[in-house]
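Please look through the sequence and the three-dimensional view below before reading on. The report is meant to be read with both of them at hand.

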Amino acid sequence: MKSKMYQLFEEKRSVHVLYSYDGMKQYIEHVVAFIQQGILAGDYVILIENERIYPMIQSELIRLLNKDQLEFVHFVNNLDFYFSSGSYHPPAITNYFNNIVQPYVDNKILFRSWAHVEWSSMEEPLYLIEDFEKIVDEAVHTHQFPLICAYEGHKMPDYLISILMETHPYVLFKGDIIISEQYQPLKDIK
């Protein structure tokens, strides 16, 4: 799956991508391809994923990668990641993320990340997701790494879709990358 997206990752490190998925089979194919391409490019991969889904991804990776290559994958439980403070709290999530990436940054090790974003209910205040995605967009540019934020499509209300299109400069759509025309550049983000 060598597409425009992977060419973009090679040419430009600071790439923040929205992926709205429908269906687990396609989701697993995309995340596995992302990890495999990253490792082949020499990057470590920080996979922020649901612990129920991770074994499916891991079994595919075991089939495709050797033992040394598998060492490049750093699994982070997404429930621990997003709810480390007991609720979806952007400053706590940012802290958690910084602790994960700091060793890579300090040692000048190239990495990329895939984050499966989930929340317990639609009662969660969606403005928190907007705040967090703005912080993440800034981190992508500061630390210069590719990041895909995966959201389950049918669970996203229109309001959230609008927020995500404004906070992600790129969208993974039908296996390839498109530019979000609604994206609000960093200069507008405080």
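What follows describes the chain as a whole, and then one helix, two residues in strands and two residues in loops.

## The chain as a whole

The structure shown here is a predicted model. The secondary structure of its protein chain comes to 8 helices and 7 strands. With a radius of gyration of 15 Å, close to the 16 Å that the globule rule gives for 190 residues, the chain is as compact as a globular protein of that length. Along the principal axes, the C-alpha atoms fill a box of roughly 40 × 35 × 35 Å.

Of the 190 residues, 49% count as buried, and the chain exposes about 9700 Å², of which carbon and sulfur atoms supply 52%. If one takes the contacts between residues at least 6 apart in sequence, 78% of them join residues at least 24 apart. The charged side chains comprise 15 positive and 26 negative ones, and the centres of these two sets lie 6 Å apart.

## Helix 7 and its surroundings

Helix 7 covers residues 126-143, which makes 18 residues, and from its first C-alpha to its last it reaches 26 Å, close to the 26 Å expected at 1.5 Å a residue. Its buried residues include the hydrophobic-named positions Leu 126, Leu 128, Ile 129, Phe 132, Val 136, Ala 139 and Val 140, and the list also holds Glu 130, Glu 133 and Asp 137. In an α-helix there are 3.6 residues a turn, so residues three or four places apart point the same way.

Against which elements do the buried residues of helix 7 pack? They pack against strand 1, helix 5 (78-82), helix 6 (90-106), strand 5 (146-152) and helix 8 (158-167).

## Two buried residues in strands

Tyr 19 is found in strand 1, which runs over residues 15-21, and at 3% relative accessibility Tyr 19 counts as buried, because the cut-off for that word is under 20%. Leaving aside residues up to four places away in sequence, Tyr 19 touches Gln 26, Tyr 27, His 30, Trp 114, Ile 148, Cys 149, Ala 150, Tyr 151 and Leu 172. Gln 37 is 18 residues from Tyr 19 in sequence, and the two are 17 Å apart in space, C-alpha to C-alpha.

Ser 113 lies in strand 4, made of residues 111-116. Is Ser 113 buried or exposed? At 0% relative accessibility, Ser 113 counts as buried. With residues up to four places away in sequence again left out, Ser 113 touches Phe 34, Ile 46, Ile 48, Phe 145, Pro 146, Leu 147 and Ile 148. Ile 148 is thus named among the contacts of Tyr 19 and also among those of Ser 113.

## Two loop residues with positive phi

Lys 108 has its place in the loop between helix 6 and strand 4. Its phi is near 50°, a positive value in a residue other than glycine. With a relative accessible area of 76%, Lys 108 is exposed, because that word is used for values over 50%.

Gln 144 follows helix 7 and has its place in the loop between helix 7 and strand 5. The phi of Gln 144 is also near 50°, and here too the positive value occurs in a residue other than glycine. At 47% relative accessibility, Gln 144 counts as partly exposed.

Conventions. Residues numbered from 1 in each chain as written. Predicted model: local features only at pLDDT ≥ 70, side-chain atom pairs only at ≥ 80, totals over all residues. Heavy atoms only, no water. Helix = DSSP H or I, 4+ residues; strand = E, 2+ residues; numbered from the N terminus. Rg over C-alpha atoms; globule rule 2.2 N^0.38 Å. Buried < 20%, exposed > 50% of the residue type's maximum accessible area, 1.4 Å probe, protein only. Contact = heavy atoms within 4.5 Å. Areas by Shrake-Rupley, 256 points an atom, 1.4 Å probe, with all protein chains shown as cover. Lys, Arg positive; Asp, Glu negative; His and termini not counted. Charge placed at Lys NZ, Arg CZ, Asp CG, Glu CD. Expected span 1.5 Å × (residues − 1).
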